[in-house]
Each structure stands twice: as structure tokens, then as C-alpha cells.
Amino acid sequence: MKVIKMYNWESTFLRLIQKIRDLEIKYIQYFSLISLSLFSIQTVSTIFALLVTLTIKYVKGETMSIGNAYFFISIADSLRNGVIRSITMVSKFVPQFTHSTKRIQDFLTTDDKDSDLYSSSSDTSDGSKARIIEISNVTSCWSKSTDSFTLQDISISVEKGQVVGIIGPVGAGKSSLIMTLVKEMDLIKGSIRVPEHVAFSSQIPWIFNGTMQENILFNRPLEKDRLHDVLHACYLYPDLEVLPNGLDTLVGERGVQLSGGQRARLSLARAVYGKEDIVLLDDPLSAVDTKCAHGIMNRLVKKFLSGKTILLVTHNVNYLQELDHIVVLKNGTIVEQGPWSKISNNLDNLVAGETTPGTVVGPGQSAKLKDVLSTSKSKLTRPKGEEDRKTGSISKATYFKFFALGFGPPALPLIVVFIAAAQTLKIISENTGLKWVRLNHYQDYYTFVILSVAAVFAYFLFSYYVVFVTMRSSKRLHMKCIRAVLKSPLRYFDVTPIGSIINRFSKDTFYMDEKITFSFSSFFIIFLTFSASMILMTIANYYFALILLPMMVLIGFITRFYLKTSVEIRRLESMQRSPAMSHISETLNGMCTIRSSNQLNLYQDKYYELRDNHTSANIIFLVLGRWLGQRLDFIMSILACAASVSAILLSYYRVLSPQLAGLAVVYIQGSIQRFQFCIRQGAECENLMTSIERMFSLSNLESEESKLITKMSLKVISK
């Protein structure tokens, strides 16, 4: 982000992201249309089956008894909830499952690092002059799929206690040689003998989100005397004096609270705090001034690490004469190696003037560095470790704002109008069909056909409109978030964990793109179907309202209690996902250091702990769903029993027509299974809106432009 803002590339990257996003939305829209079309087919399957059956009966000149008609509708409804629903679910999820398992399989079958050409050396076999590192005719590269080799025919022998300098021009392969020793590159040929565990300080310092002390200890036990010596040798005491909390200062993700030199020395301190016999230092002096570099060489290399085997990559030729052995690399091969006396005579020709000699630091430079550290003290604040979390129910304004992004303020009301019209046509068409069965009037049949076709068309129109609105809203809200992040000040990236940002643009965006469309559509369809059943039953049997009203009040109370709890659990689950993502990003960035320090198991355990925290919240959410389901099933069983008994009695005493009574019973029986799904889909919509809420929160970040306008306004006012 620093590079993007420095070169004012925000607009360019925004266009690139928008291009990729347009392609993504295109395929998601296709998938959503197919999913909702399958769901619409499932919804209208009963009326379609009745239409086909009655048409066949009409063409053949046969009639159907009213009892057989109700039995047929009941069987068709059962098949819809069972067979047809299963077919639509399989058609939707099997392609997703196949594609996901293929990607996981490709990842799991990726070749592991080949360690057969490595062997562990012993540091006690031949006394103090034992060769502790042996590199024989090694050719290595970053990937075996390429034909170009980074290192070719490298042979180096390092005795115990030697300090070996590795020099050469930029791109010569110095860092690649260190990476080969820590087993991060693929060996094509040759062999390497090196101890299993080595201390390693990378060229780009890796700092994780923790305190200064935690970064130095790196999951190792605290030894106060050794820690004191390390801080002194790495010139960190002057930095600790200006940091607000000393060793307990939180350095932030990627060490954003520290300068480049401080990060380099902190990474160096972590490497030398351990007691490994081999120390690999990849250009640790490049990010520090000459005074610090001189002190590090004297205090650290000569004194603190005395007796250890050190491989030092450096560009500073002033210290080469103090080293035991020097290796000169160029274009991935060794052009010369030996002691200083052998290298010094031809040094200029070997490195071709690419190395940078040291300069003497003056008092002014030292004072300037001190001033910078002193003035930065007030800016060092505690990094933001948690996301902002809202509480309470989702506001109705969030719903209207989201749908209004797609089609303006009328978007949500139009969705309700479309589904209400479709459901009304469905009920009227079914009632007309049953009337034709009972009276056998031809005009009723033609009316039934027209209404059935209109109902099917209305359902599909509703599906396409919902997909159009939600996809457009999702696309616009996503672009608002991208624009807000790109225009936010750099301080936002310093205090916000990367996992939090990734979480918003991955899981929350997934919910917004794919889940919200189906959840809202299915909720509206099933809710209106159930409402129609209840209204029809009440019209047919007004005594049913005496049971329905208290049961609806009880259902409303239970649902409200569930929603309040489930929304908070969903928010907690979303927040618990961010630390796991941050940990993955942090681990991948420091993989070389973690592997060389044999800390993989600890970082795996930490990831499992974070995943357990996230899974715990997710399990609570699932258990809440079962809690709701049990209570709704019990209440709906009572309603179904009461409706069936009352309809039979009223029909027997001729208070209610058999046609209306039978249709009401069929509807209420079918609603038992769907009502729980309706309530859970409504709750799911509320829970999914937490992701929309989080995206709106991200889109409202303070931008650099607003800060600039505020400053300019203050200047104008002051004038």
C-alpha cells in the first residue's frame, strides 16, 4: 500500500480490481440464477403436476374425484419436499463439492521439499576443526519446473568456529545460498551437510504481532542474563529507552511500529538469542547506520558469537579483513573464495564495484537519528488487535440501504410485491383446479391453465429480479469498500490486522454474493406460503384463529429470543475468523525463520487453537438452530393437529365446504416441514446481514481526502 500511495496508483488498481470483480460477479450471477430457478421449480412443482394431471384427464374426457385430487396434491407436496428438493440440492451442491475437492486435492498433492540430498552434520566428531558445513557441487533453484538455475556447482567447506563472509554484486545469489542452507530451495544435484537446527536472520526482517520481548524469545524460555547480553550486542537498548513500554511494547503486525533499522536489529536479536552452533545472517547490516554496524560487528560477531560458526552476507567490505573465510559469488557461481589475503588483491575486479564501502558517521548523523526516535515516541500506540463489534439487532436501515444500492429505494418493496403476486396466483390457480374437479366446468379448466402459467411465470420473474438486485447491490458495496480501503490513510494499515481486511473481502463478501440471494428468496417464498396457509385455514375455520393467535405470539417470542442470541453469536464467529487468517498470513511470511528454528509444531498448535475458538462459536450457532427447530416442530404439530380435527368436524357438520376444508388441511400439513425452514431462513437473513453491516462499516472508513480537506479548511479559517 505504501508503494501504491507513493506513486498515486489507487485509481489504476481500482480499475484492475473492478475488471476482475465484474468477471467474478458474472459467474456468480449465472450460478445464482440457476440456484433460484431450481428453487422456483421446486416451489411450483405441485401446481405443475396438478396442471399436467388435470390436462390429461381433460383430454381423455375423464373426471377425478375430489378425494383423489386432495390425495394427489398431498403426495405431490410430499414429493416436492423430499425427492424434488433433494434433486435441486444435489444439482446445486455437487458441482461446488467437486470443484472444491479438486482444488484441495491439487494442494495436498503438491510436492514437498526434497530433503534427501541434505544430511545432518555432527559438531563433535573431529574436534574444533571439524567441517560443520559441507556443500558439494550443489545446483539449486526456486522451482524444479523451471530450466534456469539460481546456484550452479557451489562447493564450500566451513569449519567449526569460522566466520565466513559471502559477498558479490546484486543478484549474485548470496541470499539464495543462505536459503539453500535452510532447505528453502530445491536441490537439483549435489549434497549438503549441515546441522538440523540453525539460527537464521533473513534479509527482509520478519516481525510478528507481539511485544519486543516475545519477538526476541520466539517461544523460548526467558533467560534474563542472556537477554541482556543480546540487547546490548544488537544495539537495542537505545531503542528500548524511547519505546513507550520498553520490552513490553507491542510492535504491531509486520513490525509497523518500528523503523527499518529497528526491525533488522530485532530480527537479529531473535536469531542470536538461541544457542544454535550455526548462525546464518543475511545482510543484517544493510538497514542500520555505520555506527550501529560497527558496534554489531564488535559486540555481536566478535564477542557474543565467539566460537560459533557464522555465515555473514554483507556488502560492507570494511569488515572483510576480520573474517576467516570469504566467498565471492557472481551470477550464481563462486568466482573466488579464500582468506582475506587471497581475496584482497583482486577484490575490485571480483565484485565489479557493486559493494558499498562503509562511511564514518558524524555527530550530526547520530543526533539526527536520536531526534527521529525521540519524536516517534508519541506516535507509538497500541496496535489494533480486535475488530469493531456492534451489538443488538440489525437495523432496518441496513436492509434498505443494501437493496437500494441495486435498484434504488423501491427495490425491497418490489421484491415483496413480486412474491406476493406469485403466491396469490398459485393459491387461486389451485383452488380453481379443485373447483373444476368438483363441478367439471370447462371454463374453470381454462382459467386454471391461465392462472397456473401466470403463477409459474411470476415465480421465475421474482427469482430473476432478486438476483439482479442483490448482485448489483453486492457489486456496488464491494467497490465502495475497495475504494474506501485504497483511499484510507496508511495509519489504518498499521493498526488493522491483515486478517481482518482479508476476512471482509473473503468470507463476508462470499456471504454477500452467494448466500444472501438464496436466503432472502427462500424466506420470502416460504413465509408467504405459510401465511397463505394460515389465512386460508382461518377463512375456512374461524375457530382456528383461537389457537393460531396464541401460538403465533409464542413463536414470535421464541424467534425473537433466538435472533438476539444468534446475531451476536454470528458476529462473534466472524470476529473469531480474523485471528486465524492473520495467523496464516503471518506464518507464511515467516516460514523460513519458523522452519529453521524448528517452530512449526508450535505455530500449528497456535493455528489449531485459533481455529478451535472459531469452531466453538460456529458450533454454538448450529446448536442454537437445533434448539429453535425442536420448539417450532412441537408448536407446528399442535397447530396441524388442531387444524385437521377442526376441519374434519366442520366439514362433517356442513359448516365448511369439503373443497376448502381439504385444501386447508393439505396446506397446513405441508407447512409443518416448511415453517421451521422459513423461520431459520429468516434468522439466517438476519445473521447474514451482519456481514453486510461489516461491509458498510468498512466502506465508511475515513479517507485521506477528507483529512486533507479538513486541514485546508482550518488553514482558510485561520487566515
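**Entry 1: the sheet**

I looked up the open sheet first and found 6 strands in the order β6-β7-β8-β4-β9-β10, with mixed pairing. β6 (199–201) and β10 (333–338) are the edge strands, each paired on one side only. On average, neighbouring strands of this sheet are turned by 15° against each other, direction ignored. For the record, this is a predicted model, in which local features need pLDDT of at least 70 and side-chain atom pairs count only at pLDDT 80 or more, while totals for chains, interfaces and linings use all residues. Residues are numbered from 1 along each chain as its sequence is written, and side-chain values use heavy atoms, with hydrogens and water left out.

I noted the terms used here. Strands (E, at least two residues) and helices (H or I, at least four residues) are DSSP runs numbered from the N terminus. Two strands pair if DSSP finds at least two bridges between them. Axes are lines fitted to C-alpha atoms, for helices over the stretch in contact, and angles run from 0 to 180 degrees between N-to-C directions.

**Entry 2: β7 and its surroundings**

I followed strand β7 (residues 278–282) to β8 and found 5 bridges in a parallel arrangement. Val-279 stands opposite Ile-310 in β8. Helix α8 packs on the sheet, where it touches β6 and β7, and its direction makes about 175° with that of β6. Contact here means heavy atoms within 4.5 Å.

**Entry 3: strand β4**

I then checked β4 (residues 163–167) for burial (buried is under 20% relative accessible area, exposed over 50%, partly exposed in between, with a 1.4 Å probe and protein chains only). Since 5 of its 5 residues are buried, β4 is largely enclosed by the rest of the structure. Val-163, Gly-165 and Ile-167 point one way from the strand, and Val-164 and Ile-166 point the other way.

β4 pairs with strand β8 (residues 309–313) in the parallel sense over 4 bridges, and I found Ile-310 of β8 as the bridge partner of Val-163. With strand β9 (residues 325–330), β4 is also joined by 4 bridges and runs parallel. There, Val-328 of β9 is the bridge partner of Ile-167.

**Entry 4: helix α6**

In α6 (residues 224–233), I listed Arg-226, Leu-227, Val-230, Leu-231 and Ala-233 as buried. They lie on the same side of α6, because they cover an arc of only 165° around the axis. The arc is taken from the directions from the helix axis to the C-beta atoms. The face turned away from this buried side carries the exposed residues Lys-224 and Asp-225.

I looked for the cover of the buried residues, which includes α5 (212–217), α7 (237–242), α8 (260–273) and α9 (290–304). After α6 comes Tyr-235, whose phi is positive, near 60°.

**Entry 5: Ser-521**

I located Ser-521 in helix α17 (residues 498–540). Ser-521 counts as buried, as its relative accessibility is 0%. Its side chain reaches the backbone oxygen of Thr-517 at 2.8 Å. Leaving aside neighbours within four places in sequence, I found Ser-521 in contact with Leu-36, Phe-462 and Val-466.

**Entry 6: totals**

I closed with the whole protein, whose secondary structure comes to 22 helices and 10 strands. Of its 719 residues, 48% are buried. Among contacts with a separation of 6 or more, 83% are between residues 24 or more positions apart.

Methods. Polar contact = N/O pair within 3.5 Å; in protein donor to acceptor, adjacent residues only side chain to side chain.
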